[in-house]
Amino acid sequence: MPLAFEHVTYSYGSQVDGMGPALDDVSLTIADGEFVGVIGHTGSGKSTFAEHTNGLKVPTSGRVLVDGIPTSDKKARREVRRRVGYVMQYPEYQLFAETVREDVGFGPRNLGQSDDEVDRSVREAIELVGLDYDEVADVSPFDLSGGQKRRVAMAGIIAMRPHILTVDEPMAGLDPQGRHEVLGILRELHRRGTTVIMVSHSMDDVAREADHVVVLDHGRLADEGDPRTVFSHEERLHRIGLDVPRAAHVAHDLAERGMDLPGPCPLTLEDLARAIAKRLGRGGDAR
Amino acid sequence: MALIEFDHASYSYDASGRALDDVSLSVERGEYVVVLGHNGSGKSTLARCMNALVVPDEGAVRVMGLDTADPDAQVEIRRHVGMVFQNPDNQMVTSVVADDVAFGPENLGIPQPQIVQRVDRALEAVAMTPYAQADPAELSGGQKQRVGIAGMLAMEPDVLVLDEPGAMLDPRGRRGVRRVVRALNERGITIVHITHFMDDALEAGRIVVMDDGRPVLDGTPDEVFRHGPELRAMGLEQPFAMRLATRLRELGVPEQAAPDTPHLDVLEEALCRSLSNM
């Protein structure tokens with residue numbers, strides 16, 4: 001079930017002088033089962049891109065196709081939302097119901113799932129986000145910790161069983177433990193076959209998790225490809241205000257200090273550690 | 001006299017437990033303090049006590065000797081202690097960025113030409129000069145955050161308390177804020193920075209780690225980050241350099257080549273030295 005952007009341009013109603021469209025002629029295809037990392041500095045159009053994946057915003061010109069269905073087709077909008085779940089930034093601000101069960105069940109109920117189905121979806125989603133159903137189902141979402149609220153809000157979208165899940169900065173504001181938990185949820189969904197589209201500021205997370213990286217700059221598609229290719233374009237990234245993952249940065253520093261590492265440029269801490277160990281003759285290949 | 005002094009301060013939001021539990025610590029003039037802790041550890045409450053937004057139930061918090069519980073002192077305390085919050089939307093008051101940044105100094109009765117200067121400087125410091133005439137509502141979350149910080153910078157406080165200001169910024173934005181904060185500290189402004197980012201923490205001269213409403217670790221980055229297991233148990237992580245060094249030692253690299261340091265340049269130097277000794 002591919003997701004296709006065809007020459008997508010989006011302009012906000014009232015443009016600030018000197019600012020171009022939020023998306024500017026973006027064309028790309030996201031294949032089934034991919035883990036896509038969307039990167040770009042503040043104001044690059046990442047969030048607008050995310051909002052286009054499920055028709056929350058529709059292009060000013062061009063088309064977004066979900067399995068061939070244009071998101072601009074008003075009659076198909078419900079179908080698009082069923083297929084593509086979208087978790088906005090700080091989704092916990094959208095929690096509203098009196099209990100976690102009701103909050104998580106709102107989406108699936110709206111999609112017309114039967115009561116039994118809703119119960120099943122809710123239980124499954126709550127457990128998938130790492131919460132104990134019996135413990136939290138009847139609790140007010142507002143009595144939970146920040147990290148738990150975030151996970152309940154995600155469960156509300158996951159309960160609709162989307163084929164594609166778009167998450168905008170899902171780790172923002174969370175502590176390291178919370179970040180690990182949210183990344184774990186996305187990894188598990190991806191393992192089960194869901195296409196994951198993650199907007200992120202963290203090059204380290206994108207390098208580790210994604211198999212397809214989309215780079216936006218001033219609303220334009222600045223680069224696209226697998227992490228190794230995209231992060232090898234260091235100068236291009238720097239020009240648009242982005243960084244390479246920390247591991248690549250350290251490898252670069254080491255080379256400047258006279259320690260060239262064997263093999264391709266490492267993108268993760270683990271790859272970096274193995275390359276250094278090997279260079280120091282410590283057989284970094286052995287586990 | 002300490003600039004900020006917590007004297008056995010405790011605070012509870014409700015009956016469920018203490019957000020601050022018998023905290024005694026002081027911040028001296030000119031310090032750059034980073035406060036770490038997982039969500040719910042009490043670090044935001046600690047920050048809010050510093051400008052009398054929260055007044056302790058027991059014990060006292062004093063700013064330049066002024067008791068934050070004294071209603072007559074609160075206006076003066078807030079003039080000395082500027083707060084930058086996590087969510088800048090709550091701090092936006094006007095429909096033009098430059099006016100928003102000018103709002104604070106105008107309220108302080110600063111003469112107009114000086115205000116213009118301060119606003120220009122503050123916007124430049126957060127790389128938002130091109131947006132001076134933009135409507136804050138049109139900005140992204142990260143851009144709004146930078147305007148929020150500029151608003152505080154324009155007040156030129158003695159102490160800047162930043163409560164996770166970088167949570168929504170991209171790496172460049174965060175580096176920019178870090179540079180600004182460091183420059184302000186070098187000019188003598190005391191910094192208290194609440195953060196989850198280890199890169200931010202390494203800038204500090206001192207790190208306070210909060211857990212269960214108490215400061216549990218307090219020292220230089222080198223001292224605090226050595227407590228790897230304790231940090232992990234509290235849901236925190238060590239800086240990249242220390243995690244890398246740990247993994248290298250697991251892979252058989254000797255400690256001399258991969259020392260336990262939070263600073264990447266120190267680790268890189270040790271690694272290269274060991275290579276040339278091979």
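This report walks through the contacts between and within chains A and B, working from a predicted model.

**Where the two chains meet**

Let's start with the interface. On one side, 44 residues of chain A are in contact with 42 residues of chain B. Together the chains bury about 3800 Å², and carbon and sulfur atoms give 60% of that area. If you want names to look for on the chain A side, A:T42, A:R257 and A:L269 lose the most area to chain B, together making up 16% of what that side buries.

There is some polar chemistry here too. The rule finds 2 salt bridges across the interface of chain A and chain B, and 5 residue pairs are in polar contact between the chains, counting pairs with both residues at pLDDT 80 or more. In chain A, the elements that give two or more residues to the side touching chain B are α7 (176–191), α11 and α12. Of these, α12(A) gives the most, with 8 residues. For one cross-chain salt bridge, look at B:R247 and A:E270, whose side chains meet at 2.6 Å, N to O.

**A chain B helix that packs on both chains**

Helix α11 of chain B covers residues 264–276, which makes 13 residues. From its first C-alpha to its last it reaches 19 Å, close to the 18 Å expected at 1.5 Å a residue. Its buried residues are B:L267, B:E268, B:A270, B:L271, B:C272, B:S274 and B:L275. What do those buried residues pack against? From chain A they meet α11 (246–256) and α12 (269–279), and from chain B they meet α10 (240–250).

**A threonine in the loop between α11 and α12 of chain A**

A:T268 sits in the loop between α11 and α12 of chain A. Because its relative accessibility is 16%, A:T268 counts as buried. A polar atom of the A:T268 side chain lies 3.2 Å from the backbone nitrogen of A:D271. Setting aside residues up to four places away in sequence, A:T268 touches A:R208 and A:A247.

**Salt bridges**

Side chains of opposite charge can pair when their charged atoms come close. Over all chains, the structure holds 40 salt bridges. Here are a few, with the N to O distance for each.

| Pair | Closest N to O distance |
|---|---|
| A:R192 and A:E188 | 2.8 Å |
| A:D204 and A:R246 | 2.8 Å |
| B:R48 and B:D163 | 2.9 Å |
| B:R247 and A:E270 | 2.6 Å |

Take the salt bridge between A:D204 and A:R246. This pair links distant parts of the chain, with A:D204 in helix α8 (residues 203–209) and A:R246 in helix α11 of chain A, 42 residues apart. A:D204 is buried, with a relative accessible area of 16%, while A:R246 is partly exposed at 27%.

Now for the salt bridge between B:R48 and B:D163. It also links distant parts of its chain: B:R48 is in helix α1 (residues 43–49) and B:D163 is in strand β7 (residues 159–163) of chain B, 115 residues apart. Is each partner buried or partly exposed? B:R48 counts as partly exposed because its relative accessibility is 25%, and B:D163 counts as buried because its value is 2%. Elsewhere, salt bridges that share partners join A:D67, A:E79, A:R82 and A:R83 into one network.

**Domains of chain B**

Chain B is divided into domain 1 (1–84 + 157–237), domain 2 (92–155) and domain 3 (239–278). The centres of domain 1 and domain 2 of chain B, taken over C-alpha atoms, are 24 Å apart. Between them, 14 residues of domain 1 are in contact with 10 residues of domain 2. The area buried between these two domains is about 1100 Å², with 76% from carbon and sulfur atoms. How many salt bridges are there between domain 1 and domain 2 of chain B? The count is 0, and for residue pairs in polar contact (both at pLDDT 80 or more) it is 0 as well. On the domain 1 side, β6 (81–84) and α6 (171–186) of chain B are the elements that give two or more residues, and α6(B) gives the most, with 4.

**A histidine in helix α2 of chain B**

B:H80 is in helix α2 (residues 74–80) of chain B. At 16% relative accessibility, B:H80 counts as buried. Leaving aside neighbours within four places in sequence, B:H80 is in contact with B:M64, B:P157, B:D158 and B:V159. With B:D158, the B:H80 side chain makes a side-chain polar contact of 2.7 Å.

Conventions:
Residues numbered from 1 in each chain as written. Chains lettered and ligands numbered in written order. Predicted model: local features only at pLDDT ≥ 70, side-chain atom pairs only at ≥ 80, totals over all residues. Heavy atoms only, no water. Expected span 1.5 Å × (residues − 1). Buried < 20%, exposed > 50% of the residue type's maximum accessible area, 1.4 Å probe, protein only. Contact = heavy atoms within 4.5 Å. Polar contact = N/O pair within 3.5 Å; in protein donor to acceptor, adjacent residues only side chain to side chain. Salt bridge = Lys/Arg side-chain N within 4 Å of Asp/Glu carboxyl O. Domains from an automatic or database assignment. Buried area = accessible area lost by both parts, 1.4 Å probe.
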